[in-house]
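This report concerns salt bridges, surface patches and selected distances in a single structure. The sequence and the model are shown first.

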Amino acid sequence: WLDVVWTLLAMTRMVASFVMGELVPISLMPRAVEAAFRTTFPYWTLCGPIEIAMGRQGVPDFLRGLVVLSCSIVGLQALALFTWRRGLRRYGGVGA
């Protein structure tokens with residue numbers, strides 16, 4: 001069980017590192033890939049704030065990043081709540 005979970009976590013981390021620009025800088029990628037990554041949560045957790053601090057992006061990009069992060073947080077919270085409620089319906093604690 002641990003091997004399977006560890007592999008999934010490592011693969012997820014690898015994809016997130018790529019999208020964040022941690023493995024390969026986003027600025028070296030084609031424009032279409034760069035534009036697609038700018039709409040993702042991982043980009044705005046690392047590369048986006050760095051580019052804003054360096055002055056490569058302005059206030060509109062900052063606001064776009066806030067919207068992307070806010071929508072991602074709300075979406076992930078809704079997914080967690082859905083999963084939690086489904087789990088409560090499916091599995092009942094008996095015998096305690």
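With which residue does Glu34 form a salt bridge? The partner is Arg31, and the closest N and O atoms are 3.2 Å apart.

## Basis of the model

The structure is a predicted model, in which local features need pLDDT of at least 70 and side-chain atom pairs count only at pLDDT 80 or more, while totals for chains, interfaces and linings use all residues. Residues are numbered from 1 along each chain as its sequence is written, and side-chain values use heavy atoms, with hydrogens and water left out.

## Salt bridges

A salt bridge is defined as a side-chain nitrogen of Lys or Arg within 4 Å of a carboxyl oxygen of Asp or Glu. Searching the whole structure yields four salt bridges. In the pair introduced above, Glu34 and Arg31 both belong to helix α2 (residues 31-37), where they are three residues apart, about one turn of the helix. Helices are DSSP runs (H or I, at least four residues), numbered from the N terminus. Glu34 is buried, with a relative accessible area of 6%, whereas Arg31 is exposed at 68%. These classes are set as follows: buried is under 20% relative accessible area, exposed is over 50%, and partly exposed is in between (1.4 Å probe, protein chains only).

Glu51 and Arg38 also meet through their side chains in a salt bridge (3.7 Å, N to O). Because Glu51 lies in helix α3 (residues 47-54) and Arg38 in the loop between α2 and α3, this pair ties together parts that are 13 residues apart in sequence. Both Glu51 and Arg38 are buried. Through shared partners, salt bridges join Arg31, Glu34, Arg38 and Glu51 into one network.

Another salt bridge links Arg13 to Glu22, with the closest N and O atoms 3.4 Å apart. Arg13 is partly exposed, at 46% relative accessible area, and Glu22 is likewise partly exposed, at 42%.

## Polar contacts of Gln57

Gln57 is located in the loop between α3 and α4 and is buried, with 7% relative accessibility. Its side chain makes a polar contact of 2.7 Å with the side chain of Glu51, and a polar contact of 2.9 Å joins the side chains of Gln57 and Tyr43. A polar contact is a pair of N or O atoms within 3.5 Å; within protein, one must be able to donate a hydrogen and the other to accept it, and residues adjacent in sequence count only if both atoms are side-chain atoms.

## Surface patches

Patches consist of residues with over 30% relative accessible area and no salt bridge; like charges are joined within 9 Å, and nonpolar side chains (Val, Leu, Ile, Met, Phe, Trp, Tyr) within 5 Å. A nonpolar surface patch is formed by Met14, Phe18, Leu23, Val24 and Leu28, which together have about 480 Å² of accessible area. Accessible areas come from the Shrake-Rupley method with a 1.4 Å probe; for residues, only the protein chains shown count as cover. Met14 is part of helix α1 (residues 2-20).

On the surface there is also a patch of positive charge, made up of Arg85, Arg86, Arg89 and Arg90. Arg85 lies in helix α4 (residues 59-90).

## Distances from Val24

Val24 is placed in the loop between α1 and α2 and is partly exposed, at 31% relative accessible area. Its C-alpha atom is separated by 16 Å from that of Pro49, 25 residues apart along the chain. The C-alpha atoms of Val24 and Leu63 are 25 Å apart, with their positions 39 residues apart along the chain. Leu63 lies in helix α4 and is partly exposed, with 46% relative accessibility.

Notes:
Lys, Arg positive; Asp, Glu negative; His and termini not counted. Charge placed at Lys NZ, Arg CZ, Asp CG, Glu CD. Helix = DSSP H or I, 4+ residues; strand = E, 2+ residues; numbered from the N terminus.
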